[in-house]
Amino acid sequence: MLVRLLLLVIMVLGTLGLAQSKPKVGLVTINLQALFFNQVNDGAKKAAAEKGVDLVIVDGQNDPAKQVRAIETFVAQKVGAIIVLAIDVNGIRPAVEAAQKAKIPVIAIDAKVAVPPASTFIGVDNYKAGVEIGEWLVKYVRDKMGGKANVGIVGALNSFIQNQRRDGFLKALQEAPGIRVVATVDGQNVQEIALSAAENLITANRNLDFVYATGEPALIGVIAAVQSQKVTDRVKVVGWDLTKQAIEGLDKGYVLAVVQQDPYQEGYQAVLNALKLIAGEKIPAEILIPTTIVTKENVDKYRALFK
């Protein structure tokens with residue numbers, strides 16, 4: 001009887017020890033509305049389930065200050081690692097530096113926080129991909145429209161990465177003097193605001209040929225705007241991040257090209273590399289995930305993701 005009791009105690013203590021050794025990783029996202037961020041979360045959750053990680057996700061609600069407070073809370077809780085999709089890469093830096101001082105590794109997804117204080121960056125080269133979608137549009141205008149067009153931009157001026165996408169796009173357009181950017185409006189990374197901004201852009205510029213959207217909320221807003229303004233026959237759309245609405249637009253011909261990332265893989269790789277850092281392993285300072293420009297010709301391979 002005594003032996004059985006001792007064995008039971010040993011088993012319980014062992015179980016507690018395993019529970020205590022389960023690594024905890026905090027993930028600070030931008031919002032829980034955009035499909036992109038939820039796909040990042042899905043990838044992170046999958047890796048966490050496979051590797052026995054206690055993953056805690058905090059919604060930043062599009063507020064840089066809330067992201068800072070979330071990181072500070074994770075530091076106080078002494079989590080094993082922190083993953084962050086930063087709204088403001090400069091404003092968040094002091095909190096990331098505090099994590100570094102506490103010897104808590106930080107992985108930046110999507111938006112690059114300087115390394116150090118972050119331990120690594122996982123995501124895409126937003127500026128380069130912005131250049132690439134811009135070059136795609138320049139070629140389209142040259143081949144289909146004689147090299148002349150008027151373009152509007154719906155961005156998110158509070159988002160560092162979306163400003164990079166805008167700047168890369170504008171860089172490519174500098175090589176095409178016949179393409180004129182008539183206005184840039186701020187969708188603030190919120191679908192409803194982007195819709196209103198896009199409607200105002202279209203109304204104020206009757207000669208508009210294209211609208212470039214720098215992120216998912218902006219792209220959905222622009223698609224809704226060209227539909228509501230009944231201008232799908234003359235205003236074409238290019239932008240970032242596939243959605244069901246974007247695929248429908250590609251099929252109907254008023255969405256021409258969309259930069260597609262792999263947010264699921266970004267989240268998955270972030271958790272795997274967080275575990276490596278917790279274990280004291282060295283990882284690259286930058287892990288780039290490829291992008292694809294999706295058009296009507298290659299959209300079929302993505303349909304199943306957005307049913």
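**Exercise 1. A salt bridge inside one helix**

Task: Asp143 has a relative accessible area of 47%; is this residue buried, partly exposed or exposed? Then find which residue forms a salt bridge with Asp143.

Solution.
- Step 1. This is a predicted model, and every value here is computed from it. Buried means under 20% and exposed means over 50%, with partly exposed in between. At 47%, Asp143 therefore counts as partly exposed.
- Step 2. The partner is Lys139, and the closest N and O atoms of the pair are 2.8 Å apart. A salt bridge needs these atoms within 4 Å, so the pair qualifies.
- Step 3. Both Lys139 and Asp143 sit in helix H5, four residues apart, which is about one turn of the helix. Lys139 is partly exposed too, at 45%.
- Step 4. Now widen the view: Arg142 joins Lys139 and Asp143 in a network of salt bridges.

**Exercise 2. Salt bridges that join distant parts of the sequence**

Task: How many salt bridges does the structure hold? Next, look at Lys112 with Glu286 and at Asp251 with Arg303, and work out what parts each pair ties together.

Solution.
- Step 1. The total is nine salt bridges.
- Step 2. Start with Lys112 and Glu286, whose side chains meet with N and O 2.5 Å apart. Lys112 belongs to the loop between strand S4 and strand S5, while Glu286 belongs to strand S11, so this salt bridge ties together parts that are 174 residues apart in sequence. Lys112 is partly exposed at 41%, and so is Glu286 at 37%.
- Step 3. Go on to Asp251 and Arg303, where the N to O distance is 2.7 Å. Because Asp251 is in helix H9 and Arg303 is in the segment after strand S12, this pair links parts 52 residues apart in sequence. Asp251 has a relative accessible area of 34% and Arg303 one of 27%; both values fall in the partly exposed range.

**Exercise 3. A patch of negative charge**

Task: Which residues form the negative surface patch? Check one of them, Glu132, against the accessibility cut-off for patches.

Solution.
- Step 1. The patch is made of Asp125, Glu132, Glu135 and Glu175.
- Step 2. Glu132 is in helix H5, which runs over residues 126–145.
- Step 3. A patch residue must have over 30% relative accessible area. Glu132 has 31%, so the residue passes this cut-off and counts as partly exposed.

**Exercise 4. Two buried helix residues**

Task: Are Gly249 and Asn273 buried or exposed, and what does each one touch beyond its sequence neighbours?

Solution.
- Step 1. Gly249 lies in helix H9. Its relative accessible area is 0%, so Gly249 is buried.
- Step 2. Setting aside residues up to four places away in sequence, Gly249 touches Tyr254 and Val255. From Gly249 to Thr295, 46 residues apart along the chain, the C-alpha separation is 10 Å.
- Step 3. Asn273 is placed in helix H10. With 4% relative accessible area, Asn273 is under the 20% cut-off and therefore buried.
- Step 4. Beyond neighbours within four places in sequence, Asn273 is in contact with Ile107, Ile122, Ile283 and Ile287.

**Exercise 5. Backbone angles to look up**

Task: Where are the cis peptide bonds at Pro116 and Pro117 found, and which values of phi do Gln61 and Asp241 have?

Solution.
- Step 1. The bond from Val115 to Pro116 is cis, with omega near -15°. The bond joining Pro116 and Pro117 is cis as well, with omega about 20°.
- Step 2. Pro116 is placed in the loop between S4 and S5, and Pro117 is found in that loop too.
- Step 3. Gln61 is not a glycine, yet its phi is positive, about 55°. Look for Gln61 in the loop between strand S2 and helix H3, where Gln61 is partly exposed at 43%.
- Step 4. Asp241, again not a glycine, has a positive phi of about 80°. Asp241 is in the loop between strand S9 and H9, and at 5% relative accessible area Asp241 is buried.

**Exercise 6. The whole chain**

Task: How many helices and strands does the chain have, and what share of its residues is buried?

Solution.
- Step 1. There are 10 helices and 12 strands.
- Step 2. Of the 307 residues, 50% count as buried.
- Step 3. For contacts between residues at least 6 apart in sequence, 72% join residues at least 24 apart.
- Step 4. To finish, count charges: the chain carries 34 positive and 30 negative side chains, and the centres of these two sets lie 2 Å apart.

Key. Residues numbered from 1 in each chain as written. Predicted model: local features only at pLDDT ≥ 70, side-chain atom pairs only at ≥ 80, totals over all residues. Heavy atoms only, no water. Patch = residues over 30% accessible without salt bridge, like charges linked within 9 Å, V, L, I, M, F, W, Y side chains within 5 Å. Areas by Shrake-Rupley, 256 points an atom, 1.4 Å probe, with all protein chains shown as cover. Lys, Arg positive; Asp, Glu negative; His and termini not counted. Charge placed at Lys NZ, Arg CZ, Asp CG, Glu CD. Helix = DSSP H or I, 4+ residues; strand = E, 2+ residues; numbered from the N terminus. Buried < 20%, exposed > 50% of the residue type's maximum accessible area, 1.4 Å probe, protein only. Contact = heavy atoms within 4.5 Å.
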